[in-house]
Amino acid sequence: MTEVVIDSLRDANGHLDRAAIRSILPYGDDFLFVDGVTRLTTDEVEANYTIPTDAPFIRAHFEGLPIMPGVLIGEGMAQAGTLVVRHNLEDHQTRHMLAFQIESARFASPARPGDRLEYRVRLLKLRRHVARLEGEVLVDSREICKARMVLAIIESDKLRQEIEALEKS
């Protein structure tokens, strides 16, 4: 596997577009909730996602009252957070980040199709196998979600072996 150095993917303004993000995160388009990154340091990330009007989760979640599921707002925040974690790891492409613990989460208001979610995520602590993050999600400068979470960092090969072992048992 070829190592992708995250800083080499930045545009002239230091931003990452969706194609760059796709080359970093192991998600397909249907489950990628980050469109762009406007700031990425070793301590924090500022990213965004515009909720599509035609997304399957919009059509199916509260039919007739389309809102983005809160769990997917949290997922988007976590995906943005994994970018700051990966930015700190030299061999980030050999690892996966998995949700380990949601320490707290608060949703202040819903997000609707067409809203632009602004993720602001800070890395509080990074150890060999875990990262602690906190962040918020804003729409039009209004906080709609705030959360603290812990991500487990696991070697990709080890994760595959664990899943295969579970499937055999």
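# Working through a predicted fold

S141 sits in the loop between β5 and β6. Keep that loop in mind, since one exercise returns to it. One thing to know before starting: this is a predicted model.

## Exercise 1: Get your bearings

**Task.** Work out how many helices and strands the protein chain has, and in what pattern they follow one another.

**Solution.** Start with the count: the protein chain holds four helices and six strands. Next, walk along the sequence, and the pattern reads α-β-β-α-α-β-β-β-β-α.

## Exercise 2: Check the overall build

**Task.** Decide whether the radius of gyration of the protein chain agrees or disagrees with that of a compact globule.

**Solution.** Step one is the expectation: for 169 residues, a compact globule would come out near 15 Å. Step two is the value for this chain, 16 Å, so the two agree. For a feel of the outline, the C-alpha atoms fill a box of roughly 50 × 45 × 30 Å along the principal axes. Then look inside: buried residues make up 40% of the 169. Finally, check how far along the sequence the contacts reach. Taking contacts between residues at least 6 apart in sequence, 61% join residues at least 24 apart.

## Exercise 3: Find the core

**Task.** Say which residues have the most contacts inside the largest nonpolar core, and which element supplies its largest share.

**Solution.** This core has 44 residues, and the ones with the most contacts inside it are V37, F57, M68, V85, L117 and Y119. Now ask where the core residues come from. At least two each are supplied by α1 (18–24), β1 (36–40), β2 (44–50), α2 (56–60), α3 (70–87), β4 (116–126), β5 (130–139) and β6 (142–155). The largest share, eight residues, belongs to α3. As a bit of background, nonpolar side chains in soluble globular proteins tend to be buried together.

## Exercise 4: Two buried residues

**Task.** Place F33 and A47 in the structure, and list what each one touches beyond its close sequence neighbours.

**Solution.** Take F33 first. F33 belongs to the loop between α1 and β1. With a relative accessible area of 2%, F33 is under the 20% cut-off, so it counts as buried. Skipping neighbours within four places in sequence, F33 is in contact with Y49, F57, M68, L72, E75, G76, Q79 and Y119. Among these, F57, M68 and Y119 also appear in the list of residues with the most contacts inside the core. F33 also shows how the fold brings distant parts of the sequence together: F33 and L117 are 84 residues apart in sequence, yet 9.4 Å apart in space, C-alpha to C-alpha.

Now A47, which is in strand β2. Its relative accessible area is 0%, so A47 is buried too. Leaving out residues up to four places away in sequence, A47 touches V34, G36, V37, A80, L117, E118 and Y119. A108 is another matter: 61 residues away along the chain, its C-alpha lies 19 Å from that of A47.

## Exercise 5: Look into the pocket

**Task.** Find out which element gives the most to the lining of the largest pocket, and how the lining divides into nonpolar, polar and charged residues.

**Solution.** The pocket holds about 310 Å³ of space. Its lining has 19 residues, with G74, E75, A78, A99 and I102 nearest the centre. The elements giving two or more residues to this lining are α3, β3 (95–107) and β6. Of these, α3 gives the most, with seven residues. By type, the lining divides into 14 nonpolar, four polar and one charged.

## Exercise 6: Back to the loop

**Task.** State what is notable about phi in D140 and S141, and whether these residues are buried or exposed.

**Solution.** D140 lies in the loop between β5 and β6, and S141 is in that loop as well. Most residues other than glycine have a negative phi. Here, phi of D140 is near 50°, a positive value, and phi of S141 is near 65°, also positive. For exposure, the cut-off is over 50%. D140 has 70%, so it is exposed; S141 has 72%, so the verdict is exposed again.

## Exercise 7: Near the end of the chain

**Task.** Say where A152 and S156 lie, and which residues each touches.

**Solution.** A152 is in strand β6 and is buried, at 17%. Beyond four places in sequence, A152 touches H96, M97, L98, F100 and H129. S156 is in helix α4 (residues 156–168) and is buried at 8%. With the same neighbours-aside rule, S156 touches Q93, T94, R95 and H96. H96 therefore turns up in both lists, by the contact rule of heavy atoms within 4.5 Å.

Methods: Residues are numbered from 1 along each chain as its sequence is written. This is a predicted model: local features need pLDDT of at least 70, side-chain atom pairs count only at pLDDT 80 or more; totals for chains, interfaces and linings use all residues. Side-chain values use heavy atoms; hydrogens and water are left out. A nonpolar core is a set of buried Ala, Val, Leu, Ile, Met, Phe, Trp, Tyr and Cys residues joined through side-chain atoms within 4.5 Å. Buried means under 20% relative accessible area, exposed over 50%, partly exposed in between (1.4 Å probe, protein chains only). On a 1 Å grid over the protein atoms alone, a cavity is a set of points where a 1.4 Å probe fits but cannot get out, and a pocket is an open set with protein on both sides within 12 Å along at least five of seven lines; lining residues have an atom within 4 Å of a point. Grid points are joined across faces, edges and corners, and a volume is the space filled by probe spheres set on the points. Ala, Val, Leu, Ile, Met, Phe, Trp, Tyr, Cys and Pro count as nonpolar, Asp, Glu, Lys and Arg as charged, and the others, Gly among them, as polar. The radius of gyration is taken over C-alpha atoms; the globule rule is 2.2 Å times the number of residues to the power 0.38.
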